[in-house]
Amino acid sequence: MKHTYHVFSLPPDLVETLTPRNLIGQTSTRQPSPSPAPQIAQTGSARGCNICLAAAFFDVDEQRLHFRSDWHRYNVKIRLSGGNPVTESAFAQLVDGLEDSLSGSASSDDENSHDSDAVNALVSKIRRSSLSDSPEDNPRKAPVTAIAWFHSPPSTQIGVYRMLFPLDTPPSAHLGGRKWALFMVAGGHFAGAVVRVSRAVAEQDDVVSTKVKRKPPKPKPETEVLSHKTFHRYTTRRKQGGSQSVNDNSKGAAISAGAMLRRYGEQALRDDIRNLLQDWAEDIHECERIFIRASVSNRRTFLDYEGCIINKGDDRLRTFPFPTRRPTQSELVRCLQELTQVKVSYLTEEALRAQDEAFLASQPKPKPQPTQPVPEAPDKTKPQRLTKEEELQREKWNRLLDMISKGRLEPLKVFWDREGEGVGGVDMLIPEWTGDRRASLLQVAAQSGHEDVTRWLLYELHADPTTPVSAAWTKAEDGGNESDASDIAAPPVGSRRTAYDLAQSRAVRDVFRRCASDHPDWWDWFGVAHVPSALSKEKEEERDDKKKQRRKGLRDKMREREARERERGKGSEIDLPVVEPPQPKKEPLDGPRRLGGSSGSANAVSGLSPEMRARVEREQRARAAEARLKLLTPRTSR
């Protein structure tokens with residue numbers, strides 16, 4: 001015989017035998033509940049806890065304190081995870097075994113809103129211990145669905161919607177009965193209700209304490225509608241769907257009369273719903289669950305506005321885990337019945353085993369995942385925090401390198417007179433933190449191609465030209481910087497490059513050579529500094545004279561070549577016969593005439609526009625040139 005059960009009024013005998021439904025060979029074994037502990041003689045109104053091994057209490061206050069205790073919360077979480085509850089003494093031993101345990105239950109309302117760290121630590125420890133180290137030992141779990149199934153031997157299965165179970169917070173004592181709030185809105189239709197889904201504790205005690213001889217009273221229904229309301233507004237165009245606000249956001253605001261009516265209907269519907277929530281505020285605050293079926297735009301009607309009754313992050317918020325129809329009162333009743341009515345099936349263990357085998361056969365085999373060695377994370381050294389002096393020193397170096405690279409000589413002189421000693425002198429090596437591969441300020445000026453800055457560094461500051469370039473400088477990167485002077489030899493193989501080797505123009509290299517000529521005793525110019533030769537004033541004047549003579553010789557050669565070409569052109573000239581222009585034919589005066597006259601006459605272009613006249617003249621010159629070419633062709637072939 002098929003039974004119908006309410007989710008909050010299951011028979012105690014059935015609840016004691018329920019175990020979570022798993023796959024083949026994975027049914028959770030449930031140990032039989034121990035015999036209840038001896039209780040003190042109590043009155044007929046004694047109360048107890050079915051989860052914490054039949055703990056009994058004298059009055060309601062003691063029962064409430066028990067529901068707030070860590071022992072009760074731990075047993076609730078373990079029971080939901082498929083484990084077995086423990087006694088109060090066993091729980092005390094578990095808490096003592098934790099290293100970072102906190103005190104037990106708290107009495108204030110703020111502390112009651114959160115579980116203590118001891119309970120969370122115990123539950124996490126048990127979950128970790130239940131997991132196997134090897135993946136082969138881990139059981140394959142059934143797919144997670146909206147309904148959680150439980151098995152009761154020998155052949156009874158019941159299903160309850162998962163969203164009815166508490167998530168992180170254990171259920172409190174609902175002495176006045178559990179209350180739910182259900183709201184639906186779609187297409188301008190609204191339906192809402194506040195219902196009681198379980199009877200009060202006092203009513204349940206009255207039923208238990210009723211004498212057998214008396215006629216039992218008529219049982220009250222498990223669910224009762226406390227408040228309900230439905231209304232409708234014109235917000236959606238017929239047979240089109242979608243609210244007017246969504247259409248305005250996507251296509252722009254329409255200006256028709258119907259669109260204005262629908263906008264007014266949306267605003268009126270929003271105001272009506274919020275006024276109703278304000279009237280039901282006290283009942284909503286007492287509800288254990290709040291079910292809302294609404295679209296994204298309609299959901300803002302209930303949440304996230306100034307003075308809202310339901311907060312956006314409320315843990316009580318739920319959605320209907322099944323399809324719903326148009327929001328009406330009858331639809332709310334149907335959804336309430338669907339949520340509270342337990343699904344019952346009667347399958348034997350053989351049928352369940354066959355069902356599980358079919359499910360496992362339909363699932364693809366898991367691919368073995370290759371174990372890859374975890375690469376060691378590189379040691380990330382935290383950047384050292386600079387002092388004010390170091391930051392000031394870095395700022396000076398950055399300004400100095402920037403002025404030299406851009407050739408700003410006057411600001412550079414002023415800066416050097418003020419900060420030169422603080423930097424460390426002209427031959428101070430460039431710090432590594434700058435990332436510059438050049439080693440000295442002279443190398444920066446030489447490679448940047450600033451002749452005046454290089455001259456100032458060499459003559460006035462006596463910069464050292466023998467400082468070698470950093471070893472990180474590669475030969476490929478300096479391939480384009482080789483000297484183009486005819487009298488400069490490449491640096492020997494294996495030697496380090498210097499500032500002279502980095503010079504990119506002849507003018508900068510001449511600065512080095514002049515300084516070597518003027519002050520040969522300052523540095524080893526022709527050895528370590530790689531300067532090929534000195535450039536004195538006499539050599540410079542001699543070089544300039546050679547350039548002038550070379551240019552003069554080139555000009556003379558060009559003149560002679562042009563003269564020879566002119567003489568050769570005169571000797572090859574041919575006396576061409578004078579070609580007399582053909583005499584124009586005289587046209588009869590009384591006959592037809594061509595537009596513009598005859599082609600050879602003086603009046604051939606008379607009466608034409610300037611453009612047509614120019615066109616005719618070009619044709620005449622082209623024909624004359626063709627005639628001359630025909631006369632020259634036979635003579636040149638001979």
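A patch of positive charge lies on the surface of this predicted model. Arg 506, Lys 547, Arg 550, Arg 551, Lys 552 and Arg 555 gather there. Helix 20 is the largest contributor to the positive patch, giving five residues. Arg 555 is found in helix 20. The relative accessible area of Arg 555 is 47%. Arg 555 is therefore partly exposed, since that class lies between the limits of 20% and 50%.

A patch of negative charge is also present on the surface. Its members are Glu 538, Glu 541, Asp 544 and Asp 545. Glu 538 belongs to helix 20, which spans residues 537–571. With a relative accessible area of 58%, Glu 538 is exposed. Helix 20 thus holds Glu 538 of the negative patch and gives five residues to the positive one.

Helix 20 also carries a salt bridge. Lys 546 pairs with Glu 542, and the closest N and O atoms are 3.8 Å apart. The two residues both lie in helix 20, four residues apart, about one turn of the helix. Lys 546 is partly exposed, at 45% relative accessibility. Glu 542 is partly exposed too, at 42%. Elsewhere, Arg 325, Glu 331 and Arg 334 are joined into one network by salt bridges that share partners.

The whole structure contains 17 salt bridges. One of them links Asp 272 to Arg 233, with 2.9 Å between the closest N and O atoms. Asp 272 sits in helix 9 (residues 257–279), while Arg 233 sits in the loop between strand 8 (224–232) and helix 8 (244–251), so the pair ties together parts that are 39 residues apart in sequence. Asp 272 is partly exposed, with a relative accessibility of 23%. For Arg 233 the value is 29%, and this residue is likewise partly exposed. Another salt bridge joins Asp 314 and Arg 316. Here the closest N and O atoms are 2.8 Å apart. Both Asp 314 and Arg 316 are buried.

The overall architecture was examined next. The chain has 21 helices and 11 strands. It comprises 638 residues, of which 31% count as buried. Among contacts in the chain with a separation of 6 or more, 65% involve residues 24 or more positions apart. The accessible surface of the chain comes to about 43300 Å². Carbon and sulfur atoms account for 52% of that surface.

Helix 16 provides a case of burial. This helix covers residues 441–448, and seven of its eight residues are buried, so it is largely enclosed by the rest of the structure. The buried residues are Leu 441, Leu 442, Gln 443, Val 444, Ala 445, Ala 446 and Gln 447. Several helices contribute to the cover over these residues. They include helix 14 (388–406), helix 15 (409–423) and helix 17 (451–459). Helix 18 (499–502) and helix 19 (506–518) are also part of the cover. Gly 449 follows helix 16 and has a positive phi, near 80 degrees.

Backbone geometry was considered last. Most residues other than glycine have a negative phi, and most peptide bonds are trans. Several sites depart from this pattern. The peptide bond from Pro 153 to Pro 154 is cis, with omega near 5 degrees. Pro 154 is found in the loop between strand 4 (147–152) and strand 5 (156–161).

Asp 304 has a positive phi, near 60 degrees, although it is not a glycine. The loop between helix 11 (296–299) and strand 10 (317–318) contains Asp 304. This residue is exposed, with a relative accessible area of 57%. His 530 is another residue other than glycine with a positive phi, here near 65 degrees. His 530 lies in the loop between helix 19 and helix 20. At 15% relative accessibility, His 530 counts as buried, because the limit for that class is under 20%. Asp 304 is thus exposed, whereas His 530 is buried.

Terms used:
Residues are numbered from 1 along each chain as its sequence is written. This is a predicted model: local features need pLDDT of at least 70, side-chain atom pairs count only at pLDDT 80 or more; totals for chains, interfaces and linings use all residues. Side-chain values use heavy atoms; hydrogens and water are left out. Patches are made of residues with over 30% relative accessible area and no salt bridge: like charges are joined within 9 Å, nonpolar side chains (Val, Leu, Ile, Met, Phe, Trp, Tyr) within 5 Å. Accessible areas come from the Shrake-Rupley method with a 1.4 Å probe; for residues, only the protein chains shown count as cover. A salt bridge is a side-chain nitrogen of Lys or Arg within 4 Å of a carboxyl oxygen of Asp or Glu. Lys and Arg count as positive and Asp and Glu as negative; His and the chain ends are not counted. The place of a charge is taken as NZ of Lys, CZ of Arg, CG of Asp or CD of Glu. Buried means under 20% relative accessible area, exposed over 50%, partly exposed in between (1.4 Å probe, protein chains only). Contact means heavy atoms within 4.5 Å.
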